[in-house]
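Biologist: I am new to this structure and should be grateful for a close look at a single part of it. Please take the strands in turn and explain how that part is set among its neighbours.

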Amino acid sequence: MNKKIISASSNFSKKYNFTFITHEFEIKQLWKGEDINQNKNWSMFEKMPGVYIMTNEDKVIYIGKSIQNTGSRLIEHLQNDDKMQYATDQTRIIIFSLENDKHITSALESYLIEVLVPIVNKKTG
């Protein structure tokens, strides 16, 4: 996992005194039609709220959240989303599951966007 992501998520966790479950997936598993549902880690995160990061090596492409079903939200991005123009077979997806805490989910997403400045989430103006 990217050192910046580890540092940012660790700082947030310490600041707000909570823990989260995390796992990293290869995007090519989803693109090439592999049955991601057979992956026990995917099924653990799929139906939970969470924050997800799409990253290529040291570049953070996009940070998003889902307050109900992280897996479905990620699949929506992969199927028909302009954000995917930056993704390659080497793109990784990192999911932080916050165990049904919708408020922390939003706070973590905002914090990571501010600290990591993803390509797609960059604010203009």
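How many bridges join strand β2 to β3, and do they run parallel or antiparallel?

Modeller: This is a predicted model, in which local features need pLDDT of at least 70 and side-chain atom pairs count only at pLDDT 80 or more, while totals for chains, interfaces and linings use all residues. Residues are numbered from 1 along each chain as its sequence is written, and side-chain values use heavy atoms, with hydrogens and water left out.

Strand β2 (residues 50-56) and β3 are joined by seven bridges and run antiparallel. Strands here are DSSP runs of E with at least two residues, and helices are runs of H or I with at least four, numbered from the N terminus. Two strands pair if DSSP finds at least two bridges between them. Within this pairing, Gly-50 has Ser-66 as its bridge partner in β3. The two strands form a hairpin with two residues between them, and Glu-57 in the turn has a positive phi of about 50 degrees.

The hairpin belongs to an open sheet of four strands, ordered β1-β4-β2-β3 with antiparallel pairing. β1 (21-26) and β3 stand at the edges with a single partner strand each, so one side of each has no neighbour in the sheet. Neighbouring strands are turned by 20 degrees against each other on average, direction ignored. β2 also pairs with strand β4 (residues 92-97), in the antiparallel sense over six bridges, and there the bridge partner of Gly-50 is Ser-97.

Helix α4 (residues 70-79) packs on this sheet and touches β2, β3 and β4, its direction making about 35 degrees with that of β2. Helix α5 lies across β2, β3 and β4 and runs at about 165 degrees to β3. Such angles run from 0 to 180 degrees between N-to-C directions of axes, which are lines fitted to C-alpha atoms, for helices over the stretch in contact (heavy atoms within 4.5 Å).

Six of the eight residues of β3 (residues 59-66) are buried, so this strand is largely enclosed by the rest of the structure. Buried means under 20% relative accessible area, exposed over 50%, and partly exposed in between, with a 1.4 Å probe and protein chains only. Lys-65 is partly exposed at 29% relative accessibility. Lys-65 forms a salt bridge (a side-chain nitrogen of Lys or Arg within 4 Å of a carboxyl oxygen of Asp or Glu) with Glu-109, the closest N and O atoms being 3.2 Å apart. Lys-65 lies in β3 and Glu-109 in α5 (residues 102-116), so the pair ties together parts that are 44 residues apart in sequence. Glu-109 counts as buried, at 13% relative accessibility.
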